[in-house]
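Please look at the sequence and the structure shown below before reading on. The report then takes up the strands, the sheets they form and the aromatic side chains.

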Amino acid sequence: TVSDGEKTWDFLEREGSPGRYDSPQFFHCERGKTYTLKIDCTLSDGTEGHYSAVAEMPEHGFDIEKIDYKCLGEPKDSTWVLGVWGQDRPATNYFLITTAVNGVMSPTTSLLERSMLMPDTYFNNSYVSGFPIAFLYQNSHQYKKYGACAKVLEKGDFVSMVVYTMSKEYYDFITALSTSASGINIPIIASQPANIPTNITGGAAMGYFAVCPVMMASCIIDDPYRKEFGK
């Protein structure tokens, strides 16, 4: 269940997908409110498990006006860059940025591989015009691995950029998780985190309960291989 202190919502296990729970229809969080997650389950040894976590919904950190694309290299390279226009909010914010093609996003299991984590260090409280925010590596290998979200772009396709504003704590969790999973550190002399942070209490559980405002902008592909952002 998830509660805001006044209402409680049951998340139901998805049929055919054990361990995945869906929210009720039209459920959404409100900015500034605090939410509590509670999990009651039967553990593998037959005992009962009881877990909880608390998260506050942050304000969104960036007002997106539009996005656009340009092609890098030749058609065979199948590489595009997405630029963003909009106003960044004054506070330091942290973002998870991912993309979708024709409404198809990366499957959840590979979301981090197809996403980018970033703070707004370079454009905090500034108006951004054509900032190169994300790259698309679309080819047959990517298509085979990730599905329709990694198809080579064609005229008439629409590309969407989805931006999650994260708390600093959630950003640190995802960063530590990604670093531990990859085994690669930048700089390479950096050590992997000894313990991945978690805000879940009640037992030996690792994970993070977070609520995030989400913004999305889209553009239509006209000439897939044009070299400059559109006017």
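What follows describes a predicted model, beginning with one of its sheets and ending with contacts between side chains.

## A sheet of three strands

The strands β7, β8 and β12 form an open sheet of 3 strands, in the order β7-β8-β12, and their pairing is antiparallel. Because β7 and β12 stand at the edges and each has a single partner strand, one side of each is left without a neighbour in this sheet. Neighbouring strands of the sheet are turned by 25° against each other on average, if direction is ignored. As general background, the strands of a sheet pair through backbone hydrogen bonds, and they may do so in a parallel or an antiparallel way.

Strand β7, which covers residues 62-72, is joined to β8 by 10 bridges, and the two strands run antiparallel. Among the partners across this pairing, Lys-66 is matched with Trp-85 in β8, while Phe-62 has Asp-88 of β8 as its bridge partner. The two strands also make a hairpin, with 6 residues between them, and in this turn Gly-73 has a positive phi of about 80°. On the pairing of β8 with β12, which spans residues 127-137, there are 9 bridges, again in the antiparallel sense, and one of the matched pairs is Leu-82 with Ala-134 in β12.

## How enclosed is strand β8?

How many of the 10 residues of strand β8 are buried? In this strand, which covers residues 79-88, 9 of the 10 residues are buried, so β8 is largely enclosed by the rest of the structure.

## A sheet of four strands

A further open sheet has 4 strands in the order β2-β1-β5-β6, with antiparallel pairing. Its edge strands are β2 (8-9) and β6 (48-56), each of which pairs on one side only. Within this sheet, strand β1 (residues 2-3) and strand β5 (residues 34-42) pair in the antiparallel sense over 2 bridges, and Val-2 stands opposite Leu-37 in β5.

## Aromatic rings that meet

A search of the whole structure finds 11 aromatic pairs. One of them joins Trp-85 and Phe-229 in an edge-to-face arrangement, with 5.5 Å from centre to centre and 75° between the planes. Since Trp-85 lies in strand β8 and Phe-229 in the segment after β14 (214-220), the pair ties together parts that are 144 residues apart in sequence. Both Trp-85 and Phe-229 are buried.

The rings of Tyr-94 and Tyr-171 have their centres 4.8 Å apart and their planes at 40°, so this pair is tilted. Tyr-94 belongs to strand β9 (residues 94-101) and Tyr-171 to helix α2 (residues 168-182), so that the pair links distant parts of the chain, 77 residues apart. Are these two tyrosines buried or exposed? Buried means under 20% relative accessible area, and Tyr-94, with a relative accessible area of 16%, is therefore buried; Tyr-171, at 15% relative accessibility, also counts as buried. Elsewhere, Trp-9, Phe-11 and Phe-27 form one aromatic cluster.

## Charges over rings

Which residues place a charged group over an aromatic ring? The charged end of Arg-114 sits over the ring of Tyr-146, at 5.1 Å from its centre. Arg-226 lies over the face of Tyr-69, where the distance to the ring centre is 3.9 Å.

How values were computed. Residues numbered from 1 in each chain as written. Predicted model: local features only at pLDDT ≥ 70, side-chain atom pairs only at ≥ 80, totals over all residues. Heavy atoms only, no water. Buried < 20%, exposed > 50% of the residue type's maximum accessible area, 1.4 Å probe, protein only. Pairing = 2+ DSSP bridges. Phe/Tyr/Trp six-rings, centres within 6.5 Å; stacked < 30°, edge-to-face > 60°. Lys NZ or Arg CZ within 6 Å of the ring centre and 35° of its normal. Axes fitted to C-alpha atoms, helices over the stretch in contact; angles between N-to-C directions.
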